[in-house]
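Work through these short exercises with the structure open beside you. Try each task before you read its solution.

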Amino acid sequence: MTQTEHLIKHLPTELGGLDAGPLVRVEHDLEPWEKRCHALADVLDFHKIISTEEKRRGVSALGSEIVGSLTYYERWIVAFANILFQKGILTPEELAVKMDEVMARSGEETTSCTI
Amino acid sequence: MNQQIHDHTPAPDSNHAAPGYYEVMETAVRELLFERKLITPGEIRRQIEVLDSRTPALGAKVVARAWVDPEFKARLLANGRKACEEFGISFYDETDLIVLENTDEVHNLIVCTLCSCYPRPVLGLPPDWYKLKPYRARAVKEPRSLLAEFGTVIPEDVEVRVSDSTATVRYLVLPQRPASTENYSEEQLAALVTRDAMIGVVKAEIPETKEMPQ
Amino acid sequence: MAQRAQPMARDFPDIVKADGEQPIFAPDDQVRISMRFPIGHFRVPNYIRGKKGIVEAVIEPTIINNEEEGFGRNAGNKRHYYRIAIPLTELWPNYAGSSNDGLRIEVFETWLERIRG
């Protein structure tokens, strides 16, 4: 019996029955990018480019630390990127180049590392 | 706020703040998929409109109709999706709907412990708390103390029934009609039905009007 | 307008259904959630594994096993889901609420074992 099995047997996204603190009654109106991200998920599922179930698996595959640290839609968009790479639809380089282009367009200096 | 979805020159999110890392990622992924012609700007625009059109007001109207029309209520409990479709509420995400009736014997609440399944076609998007750990962990283990944190106390002789969505069925709670509403119009009844009542964490109540809201 | 007789299953007793078309379980069947531990993706939460419950309803129509769908399969291997009722006292040894309190959860056919007797 190893000490780490439970990490593999439980998904980082499954929470039923875990110890948890008091309810945190937060709500927020979606940022426009979050709403676009949700629309993107729905359109990708409609076309079965990334099904809703693939998205769920992709989010849990991010692992505990990322799942625990990123917000809801942040997890979605990173999961989409990973799944699109796995399916050969996009490459990491293509996305990195495009992200630099988007940042440059908005006036931000690029911070991507090219090593 | 205006959604800027263009083919070639998508504008950043807002005029006064630089986009964050994840917004840049979302914009880049979306534009690349447009370039590949896998999805179109029109589809994204349309789906945003779909999402914006789904609010708890839809569910409230369905509940109010069930309260006043026993035959509609029977159809709603037999097939939630089909009954909602009578109102033109389409189920764009291909889910089905089971409507859970609260009675004097049973109080229902809904949760998704694995992710954030929620009856979006009829209620819109879920609140943050529904998607966060305290709710999702405790709803299936200690629903009564969780409900108490919403101010809802269920008597011991009433069964608390928690539905955890794991597949393609979604749930909507049909709250009990508040007492002293015999003379309410359907519209007035719908105004009593909150999103939280349709999740099952509170009951539908006549609000106390001690003072006018600001 | 003449009334037509309703078609009945017994009208064609020799019809053979494909594997998976007919639900294996029916409402009121006593079942146990299997104890197995798939890696990577599942939709049967750990907290119900090995627990006993009762079939409340058969969910129609058959759909894809979402453990497979999570890895990109979008056709085939369709079976039924069942809405299972499990008392919270069955799930949690120290459950403090009413013994009537219960869970309802959809479980895929391949995760259910019949309890005899």
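**Exercise 1.** In which sense do S3(B) and strand S4 of chain C pair, parallel or antiparallel, and over how many bridges?

*Solution.* Keep in mind that this is a predicted model. Step one: find S4 at residues 102–108 of chain C. Step two: compare the directions of S3(B) and S4(C); the sense is parallel. Step three: count the bridges, and you get four. Step four: pick out one facing pair. B:Arg161 stands opposite C:Gly102 in S4(C).

**Exercise 2.** Describe the side of chain B that touches chain C.

*Solution.* Start with the contacts: 17 residues of chain B meet 17 residues of chain C. Next, look for elements that give two or more residues to this side of chain B. They are helix H9 (143–149) and strand S3 (159–164) of chain B. S3(B) gives the most, with six residues. Last, sort this side by class: seven residues are nonpolar, four polar and six charged.

**Exercise 3.** Now do the same for the side of chain A that touches chain B.

*Solution.* Here 44 residues of chain A are in contact with 45 residues of chain B. Three helices of chain A each give two or more residues: H2 (32–46), H5 (72–86) and H6 (92–105). H2(A) supplies the largest share, 10 residues. By class, this side of chain A has 24 nonpolar, nine polar and 11 charged residues.

**Exercise 4.** Which domains make up chain B, and what distance separates their centres?

*Solution.* First, mark domain 1 (21–52) and domain 2 (56–199) of chain B. Then take their centres over C-alpha atoms: 31 Å separate them.

Conventions:
Residues are numbered from 1 along each chain as its sequence is written. Chains are lettered from A and ligands numbered from 1 in the order in which they are written. This is a predicted model: local features need pLDDT of at least 70, side-chain atom pairs count only at pLDDT 80 or more; totals for chains, interfaces and linings use all residues. Two residues are in contact if their C-beta atoms, placed from the backbone, lie within 7 Å. Ala, Val, Leu, Ile, Met, Phe, Trp, Tyr, Cys and Pro count as nonpolar, Asp, Glu, Lys and Arg as charged, and the others, Gly among them, as polar. Two strands pair if DSSP finds at least two bridges between them. Domain bounds come from an automatic or database domain assignment.
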